[in-house]
Amino acid sequence: MSELGFGDRLQTAFGQFGHLCVGIDPHPFLLNEWEYDDSAVSLREFSLRVIDACAGQVGIIKPQVAFYERHGARGMEALEYIIRRAREADLLVISDCKRGDIGSTMEAYAQAWLTPGWSLESDAITVSPYLGSGALAQTVNYALGNNKGVFVLAATSNPEAAVLQSARVTSGIHEGKTVAAAQLSDVARWATDSTPANSVGAVLGATLDLQSLGINPDDYPALPVLAPGFGFQGARVEDAQRLFGNLATNLIVSETRSVLSAGREQVGEAVLRRAAEVASALA
Ligand SMILES: O=C(O)c1cc(=O)[nH]c(=O)n1[C@@H]1O[C@H](COP(=O)(O)O)[C@@H](O)[C@H]1O
């Protein structure tokens with residue numbers, strides 16, 4: 001097990017490489033553009049190519065589990081392999097599995113993804129709180145006990161999310177807040193009150209107007225924030241500081257298709273260029 005908590009490893013990654021996280025989503029269209037067939041072997045080759053481009057240049061990668069699951073057991077084997085290779089290359093791996101279930105089932109997911117030495121061992125995972133954020137308590141405890149991280153969806157980048165996430169809570173400690181703001185408050189409490197600190201973070205889409213969801217980023221402590229939506233989904237990294245205010249301090253700028261669509265030969269160059277743009281936007 002790592003000696004350092006996920007929050008500390010994240011700070012080291014920010015200090016060495018800045019705030020860019022490269023997503024690995026082997027969409028069939030990208031496999032095709034990169035001249036691979038749509039197979040588990042290709043997933044592995046594609047992903048290794050991205051890992052080579054990232055190693056020593058960025059600190060964090062985020063494989064999207066769904067694209068490996070598409071290929072069943074062989075796809076998951078490819079995922080196990082590439083996670084291991086990325087971690088050996090000192091990349092922090094956030095496995096984007098977006099698990100969300102009742103507490104006892106979540107515990108099994110946490111064990112699958114966050115147990116040192118197990119085949120899918122990652123540094124952090126994404127989880128969904130929409131069965132109630134209390135159902136995530138065991139996952140958070142398990143992660144913290146193993147020096148791992150958890151990113152909880154609060155306000156997601158997709159337009160369909162608004163109908164649910166902008167609804168107002170009608171009872172309890174979060175009464176009157178939007179669902180998204182309530183989730184963010186729970187995450188902020190976990191991030192700051194638990195040990196090791198800052199190992200629990202929130203997912204906040206960069207495509208959103210956070211104020212319209214009742215979220216003023218300056219009202220929150222600088223917890224880790226995984227922010228997808230830059231690049232392909234239209235958000236501009238130049239706006240990161242304005243969009244996230246105080247939350248820009250520990251912002252993970254996540255980009256996938258905008259980097260990977262550079263192609264197999266140019267992906268290294270695209271990673272370097274984007275990392276420099278992110279560094280200058282968050283300087
Ligand atoms: O958790 C995520 O990473 C995520 C949350 C969210 O709100 N929106 C979102 O697009 N994502 C993921 O980010 C990736 C898309 O990144 P782009 O290709 O850069 O748009 C996909 O793997 C999504 O599942």
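This report describes selected features of a predicted model, from the ligand surroundings to the strands, a helix pair and some backbone details.

**Around the ligand**

The ligand is surrounded by 19 residues, and the closest of them are Thr156, Ser157, Pro228, Thr256 and Arg257. When the residues of this shell are divided by character, 12 are polar, four are charged and three are nonpolar. Among the elements that contribute to the shell are strand β8 (251-255) and helix α11 (257-260), each of which supplies at least two residues.

**Strand β1 and its partners**

Strand β8, which helps to form the ligand shell, also pairs with β1 in the parallel sense, over three bridges. Strand β1 covers residues 20-24, and five of its five residues are buried. Both faces of this strand are covered, with Leu20, Val22 and Ile24 buried on one side, while Cys21 and Gly23 are buried on the other. Strand β1 is also joined to strand β2 (residues 60-63), with which it runs parallel, through four bridges. The table sets out these two pairings, together with one pair of bridge partners for each.

| Strand paired with β1 | Sense | Bridges | A residue of β1 and its partner |
|---|---|---|---|
| β8 | parallel | three | Leu20 and Val253 |
| β2 | parallel | four | Cys21 and Ile60 |

**A pair of helices**

Two packed helices are described by the angle between their axes and the distance between the axes. For helix α3 (residues 40-54) and helix α5 (residues 72-88), the axes come within 9 Å and cross at roughly 20 degrees. Because angles under 35 degrees count as roughly parallel, α3 is roughly parallel to α5. The crossing of α3 and α5 is right-handed.

**Backbone details**

The loop between α9 (179-193) and β6 (200-204) holds Pro196, and the peptide bond that leads from Thr195 to Pro196 is cis, with omega near -10 degrees. Asn198 has its place in the loop between α9 and β6 as well, and this residue has a positive phi of about 55 degrees although it is not a glycine. Asn198 has 21 other C-beta atoms within 10 Å and is therefore buried, given that the cut-off for a buried residue is 20 or more.

A positive phi is also found at Lys98, where the angle is about 40 degrees although the residue is not a glycine. Lys98 lies in strand β3 (residues 92-99), and it counts as partly exposed because it has 16 C-beta neighbours inside 10 Å, a count that falls between the limits for exposed, 12 or fewer, and for buried, 20 or more.

Key. Residues numbered from 1 in each chain as written. Predicted model: local features only at pLDDT ≥ 70, side-chain atom pairs only at ≥ 80, totals over all residues. Near = placed C-beta within 6 Å. Nonpolar A, V, L, I, M, F, W, Y, C, P; charged D, E, K, R; others polar. Pairing = 2+ DSSP bridges. Axes fitted to C-alpha atoms, helices over the stretch in contact; angles between N-to-C directions. Parallel < 35°, antiparallel > 145°, perpendicular 65-115°, else oblique. Left-handed = near helix turned anticlockwise from the far one by under 90°.
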